[in-house]
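Student: I keep seeing labels for side-chain contacts and I'd like to know where they come from. Can we go through some together?

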Amino acid sequence: MPAVSKGDGMRGLAVFISDIRNCKSKEAEIKRINKELANIRSKFKGDKALDGYSKKKYVCKLLFIFLLGHDIDFGHMEAVNLLSSNKYTEKQIGYLFISVLVNSNSDLIRLINNAIKNDLSSRNPTYMNLALHCIANVGSREMAEAFASEVPRILVAGDTMDSVKQSAALCLLRLNRTSPDLVPMGEWTSRVVHLLNDQHLGVVTAATSLISTLAQKNPDDFKTSVSLAVARLSRIVTSASTDLQDYTYYFVAAPWLSVKLLRLLQCYPPPEEGAIRGRLTECLETILNKAQEPPKSKKVQHSNAKNAVLFEAISLIIHHDSEPTLLVRACNQLGQFLQHRETNLRYLALESMCTLASSEFSHEAVKTHIETVINSLKTERDVSVRQRAVDLLYAMCDRSNAKQIVTEMLSYLETADYSIREEIVLKVAILAEKYAVDYTWYVDTILNLIRIAGDYVSEEVWYRVIQIVINRDDVQGYAAKTVFEALQAPACHENLVKVGGYILGEFGNLIAGDPRSSPLVQFHLLHSKFHLCSVPTRALLLSAYVKFINLFPEVKGTIQEVLRSDSQLRNADVELQQRAVEYLRLSCIATTDILATVLEEMPPFPERESSILAKLKKKKGSGTVSDIEDSRKERNVNANANVTSSPSSDLLGLGNSSAVNSASPPTSSHAASLLVDVFSESLPVAALGSASAHVIEENFSRFVCKNNGVLFESQLLQIGLKSEFRQNLGRMYIFYGNKTSTQFLNFSSSVVCPEPLTADPVLDGGAQLQQILNIECISDFVEAPVLNIQFRYGGSTQNISVRLPVTLNKFFQPTEMTSQDFFQRWKQLSPPQQEVQKIFKAKHSMDTEITKAKIIGFGTALLDGVDPNPSNFVGAGVIHTKTIQVGCLLRLEPNTQAQVSTAALGLDDLHFSESLASLFHTHL
Amino acid sequence: NRNERRRIGRGKLRLQKWYVALSDTQKKKISREVIQMVLARKPKMCSFLEWRDLKIVYKRYASLYFCCAVEDQENELITLEIIHRYVELLDKYFGSVCELDIIFNFEKAYYILDEFILGGEAQETSKKIVLKAIEQADMLQEEAEAPRSVLEEIGLT
């Protein structure tokens, strides 16, 4: 019996539910249900017309049976009849049945829509709400067709009750999600935005959800919501906890609304207007301050609500990625959470810090927490938290801490949960390669990976180590020695046999001088593993043997004997048999010269995107991995990155990859020898006129002081960038995101660059639309390269040219200097050739922290305490090019009153000074 | 954004609500998977799970688990509090709610949910206003009730 029976007690229903609960077995339950279904069916079919109450009761029983997990194939008509009842409870049950058991039966849909239409026009708020709830719950296309213009009218009508407005707003939201094409935008948009000013916080809450969704799709139409949202947020965060009455939740003022407003603001860049921007910054500061205050309640609800707002504020700060102070404060706050006793907070802090790690402004601050994160990897009891810790270590890894992080990940791998091992293996392999200073460390790391987690080392990983060993001759001897030693273990993983076979087959000769690893010893070692291996590995070993015949004529006899044995020549596996026959024959008839040519060492592999990285991204696509690249901003790019290409398209872009832009004047005398390209043999050097296309540069300047972000966005395409530079080399990852739902055909891209830079675009085929540019700075340059993109969309060819943010300052290496050194050098410079001075009006606020961050972002080291005047900024760095290195000293003297800065640059080489000076002053 | 919200008691689904259109087979499959995952969690573990490209936020109240599957960028903590506020609403309405209340009055549990959340988004976060709306509806209901026959009273039809 029900513990409480409120409102109408449908006794028949309650009895039925009790019966079901009392059933001892599944069979008894099914029997009872079938009996009831037969009963209801006969009632519905009976001659006697049922009254509303009975209909309601039976429909409700059907609903209950359905919720138990049984199929219901009748009763829809009766439920639809209830909709037009004038009794509230009957109508309610009717709507509930329709909402839960949606049926696309078109006859019924028409009847349902009719009933809804009647209720919407009834002017009875309770009925209107029921109808709106039903539309929102079903959200089918037919309903969108019928009501997409009616619902907005109800929403903005002056005389609509608050509760109806709320339902209408969310109903419209649902329709917009399911059938955006049917929801007309238009005259009502501005009135919807003004709902943010509504007196009733419930209306504001519902409206904010609606506006966020609409603004994601049409940001321009809802731009005005930014200032209103900031104003509203500001009022909430500064209110006393009692001001908002029932909207205060455990002493937190309107947490849901705050979170929603902060989400809405994440649809937009930082507000341009100073006053609004200032007010927003104040709000964010207040939220960060509140996190430091002692809790007003010990209840977990209080801390959850407070921190929900805090985390959303941090998301917004990361999204804006423009206020260094806020970013660093956010990072410190999250750092405190890393050791919080609430598992939830530790989890979220790790997750959120991952995105902070990808911002230049806070990367260093995140790195300071490395020990804590490593510790959580070791001590956390919840695998999902450990997973987050792995992600964060991966995200915060750079050259300075790579060895430590890789070591920790390797030791964690020994005990890691099976579900995340493969991912860790991939991450370790990527980090080891990316940050390898010496490749012996890389080889050791990968062999360790195979030893610890051989089963989880995918083909991509061991292919990659072989590619790298083959391409770098300085590591080949070491690799041969190391695999030889590793193979000594009595039981080693098959992946190790593969790597060992391949490497010894190529480079066994490098260690053959040592009698302990003489050719014969090497061969016997490999062959001792042979019978334990699978067919593909055996095939690989056979190839290694024939390579041995070429490397070491003295073991030819031994190997031929092995090849000749029945177990090879008559092997049941056709591949093995064929290899044995062919290799044996080859070794018998070919001369030494021919043998040497056929079995020559593998040529270097073309440099390309790591196949492992591609694999990790593919994994991520399935939603299991979060990754450095997975910052919230780039989500759009990745989510829709299914630009497929027809096989004939020039995806590799090799044909015209390095066309020379004839318009840019040669800026240095080394011009002739500058264009170096891996694929240079087959390069037609096409001259492209400067007037050819309009080059888009609007986002260019944003990248001068940072390396990642969105470079270009149109209605069709979004281009995201991640780049990294080291000395005279750079690598740029370009992400192409198709924003439409249709395919782009013949997608191709090419890079046009002025001479002193070389870029070779290599793009892995297939669905992954990421392109990597390797960049080398050969000498001074002014003109940045241009990326030309061409593809077919909807029958027309689209051409887009975007200037790539490769600027001279990217090739800066910061240099630390004492005050004495600095001024000594400064004095040695001889103006005007070596010193450039510019006075310019500050474009941005002259905030010290921002300026500091900009100088560091520019690439030089920021030298504190060098200049006697503390308000001046001093920096030093070295620009690396292929041929020369140029030192650069920088002084910035801001004059806050006049909003004017004097910048002086001193350089060793006068060519550079002009290009750098213009860069510096335009962007600072 | 909230794709589903459901309540599980000892591996049995008591209430489910879907905010995306899916076929019944898909729904059953998803329910099974999620129930399995959530029941396998130990106490003190964090309340968030990654599942496909969604996040599952769950909380246990006595024998009942309340779960929401939300999109990846959704705020986890506020979702936890959505669950809590719903439990508070049920508690206030039924007067110290238990699993049986939800089983016998499932239709009420649905109405309360609809008043609180619509289309996957919080519609009205004030407890007072939601309860007032439900109580008003109950008033309408009581007015409409006519006395029933004796047979009906003992629950035989």
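Student: How do you know that Lys367(A) and Glu364(A) are separated by about one helical turn?

Tutor: They sit 3 residues apart in helix α19 (residues 360-367) of chain A, so about one helical turn separates them. Helices here are DSSP runs of H or I with at least four residues, numbered from the N terminus. A word on the ground rules: this is a predicted model, where local features need pLDDT of at least 70 and side-chain atom pairs count only at pLDDT 80 or more, while totals for chains, interfaces and linings use all residues. Residues are numbered from 1 along each chain as its sequence is written, chains are lettered from A in the order in which they are written, and side-chain values use heavy atoms, leaving out hydrogens and water.

Student: Why is the contact between Lys367(A) and Glu364(A) called a salt bridge?

Tutor: The term asks for a side-chain nitrogen of Lys or Arg within 4 Å of a carboxyl oxygen of Asp or Glu. Here N to O is 3.4 Å, so the pair makes the cut. Lys367(A) also meets Asp398(A) in a salt bridge, at 2.9 Å. That second pair links distant parts of the chain, with Asp398(A) in the loop between α21 (383-396) and α22 (402-413), 31 residues apart from Lys367(A).

Student: What makes Lys367(A) count as buried?

Tutor: Its relative accessibility is 14%. Buried means under 20% relative accessible area (exposed is over 50%, partly exposed in between, with a 1.4 Å probe and protein chains only), so Lys367(A) qualifies.

Student: How many salt bridges are there over all chains?

Tutor: A search of the whole structure turns up 39. Another one of them joins Arg464(A) and Glu433(A), with the closest N and O atoms 2.5 Å apart, and both residues are buried.

Student: Okay, rings next. How many aromatic pairs does the structure hold?

Tutor: There are 17 over all chains. One of them is Tyr439(A) with Tyr442(A), which is edge-to-face.

Student: What makes Tyr439(A) and Tyr442(A) an edge-to-face pair?

Tutor: Rings of Phe, Tyr and Trp (its six-membered ring) pair if their centres lie within 6.5 Å; planes under 30 degrees apart are stacked, over 60 edge-to-face, and the rest tilted. These two are 6.0 Å centre to centre with 70° between the planes, so both tests are passed.

Student: Are Tyr439(A) and Tyr442(A) buried or exposed?

Tutor: Buried: Tyr439(A) has a relative accessible area of 16%, and Tyr442(A) is at 0%.

Methods: Helices (H or I, at least four residues) and strands (E, at least two) are DSSP runs, numbered from the N terminus.
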